[in-house]
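Student: Could you take me slowly through one part of this structure, the place where the aromatic rings gather, and then connect that part to what lies around it? I would like a careful reading rather than a list.

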Amino acid sequence: QVQLVESGGGLVQAGGSLRLSCVVSGGTFSSYTMGWFRQAPGNEREFVGNIMWNNNTAYADAVKGRFTISRDNAKNTVYLRMNSLKSEDTAVYYCGVSYNLGRIRAQYAYWGQGTQVTVSS
């Protein structure tokens, strides 16, 4: 059974930074595509970005240039570094495991419980 635990969320002022972490247990972490999604109240869960087994990354246009995803296979951990945060980045952030390209929610087999990020303006 694959389990994911996110951490690092919190309250930050606009323009600030946060780093989220997601620790994965079970399976072969180094082979997974790891994705980050977010969900604001009343909205669908949306793709933020992902990192594949070969460290190729992809990002949503809304975060490109501000967010960076990285992974540490020795620690079974994926990170989401968020800079220049805006009020519209406020959401619950989820990490997920995909066995595919991982560009859409349906391609994810496992999810963490989410961590709240609130950006005050």
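Tutor: A definition has to come before the rings themselves: the rings of Phe, Tyr and Trp, with the six-membered ring taken for Trp, count as a pair if their centres lie within 6.5 Å, and a pair is called stacked when the planes are under 30 degrees apart, edge-to-face when they are over 60, and tilted for the rest. The model is a predicted one, and by that rule the count comes to five aromatic pairs in it.

The part you ask about is one aromatic cluster formed by Phe37, Phe47, Tyr108 and Trp111. Phenylalanine 37 and tryptophan 111 make an edge-to-face pair, with 5.1 Å from centre to centre and 85° between the planes. This pair links distant parts of the chain, since phenylalanine 37 belongs to strand 4 (residues 33-39) and tryptophan 111 to strand 10 (residues 108-111), 74 residues apart. Tryptophan 111 also pairs with tyrosine 108, and here the arrangement is tilted, at 5.3 Å centre to centre and 35° between the planes.

The burial of these rings can be read against two limits, with buried meaning under 20% relative accessible area and exposed meaning over 50%. Phenylalanine 37 counts as buried because its relative accessibility is 1%, and tyrosine 108, at 7%, is buried as well. Tryptophan 111, by contrast, has a relative accessible area of 25% and is therefore partly exposed.

From the cluster one can step to glycine 96, which is found in strand 9. Setting aside residues up to four places away in sequence, glycine 96 touches Tyr108 and Trp111 of the cluster, and also Leu4, Thr33, Met34, Gly35 and Tyr110. Glycine 96 has a relative accessible area of 0%, so it is buried. Its C-alpha atom is separated by 9.1 Å from that of asparagine 50, although the two residues are 46 residues apart along the chain.

The charged side chains come next. Side chains of opposite charge can pair when their charged atoms come close. The structure holds four salt bridges, and a network of salt bridges links Arg38, Glu46, Arg66 and Asp89. Within that network, the side chains of arginine 38 and glutamate 46 meet at 2.6 Å, N to O. Arginine 38 is buried because its relative accessible area is 6%, whereas glutamate 46, at 37%, counts as partly exposed. Arginine 66 forms a salt bridge with aspartate 89, and the closest N and O atoms of that pair are 2.8 Å apart. Because arginine 66 lies in the loop between strand 6 (57-59) and strand 7, and aspartate 89 in the loop between strand 8 and strand 9 (91-98), the pair ties together parts that are 23 residues apart in sequence. Both arginine 66 and aspartate 89 are buried. A further salt bridge joins the side chains of lysine 64 and aspartate 61 at 3.1 Å, N to O, and aspartate 61 is exposed, with a relative accessible area of 67%.

Strands 7 and 8, which flank the loops just named, also belong to an open sheet of four strands, whose order is 1-3-8-7 and whose pairing is antiparallel. Strand 1 (3-7) and strand 7 (67-72) are the edge strands, each pairing on one side only, and the twist from one strand to the next averages 15°. Strand 3 (residues 18-25) and strand 8 (residues 77-82) run antiparallel and are joined by six bridges; arginine 19, for example, has arginine 81 in strand 8 as its bridge partner.

Last comes threonine 115, which is found in strand 11 (residues 115-120). Its side chain reaches the backbone nitrogen of glycine 9 at 3.2 Å. Beyond its neighbours within four places in sequence, threonine 115 is in contact with residues including Glu6, Ser7, Gly8, Leu20, Ala91, Val92 and Tyr93. Threonine 115 has a relative accessible area of 10% and is therefore buried.

Terms used
Residues are numbered from 1 along each chain as its sequence is written. This is a predicted model: local features need pLDDT of at least 70, side-chain atom pairs count only at pLDDT 80 or more; totals for chains, interfaces and linings use all residues. Side-chain values use heavy atoms; hydrogens and water are left out. Two strands pair if DSSP finds at least two bridges between them. Helices (H or I, at least four residues) and strands (E, at least two) are DSSP runs, numbered from the N terminus. Axes are lines fitted to C-alpha atoms, for helices over the stretch in contact, and angles run from 0 to 180 degrees between N-to-C directions. Buried means under 20% relative accessible area, exposed over 50%, partly exposed in between (1.4 Å probe, protein chains only). A polar contact is a pair of N or O atoms within 3.5 Å; within protein, one must be able to donate a hydrogen and the other to accept it, and residues adjacent in sequence count only if both atoms are side-chain atoms. Contact means heavy atoms within 4.5 Å.
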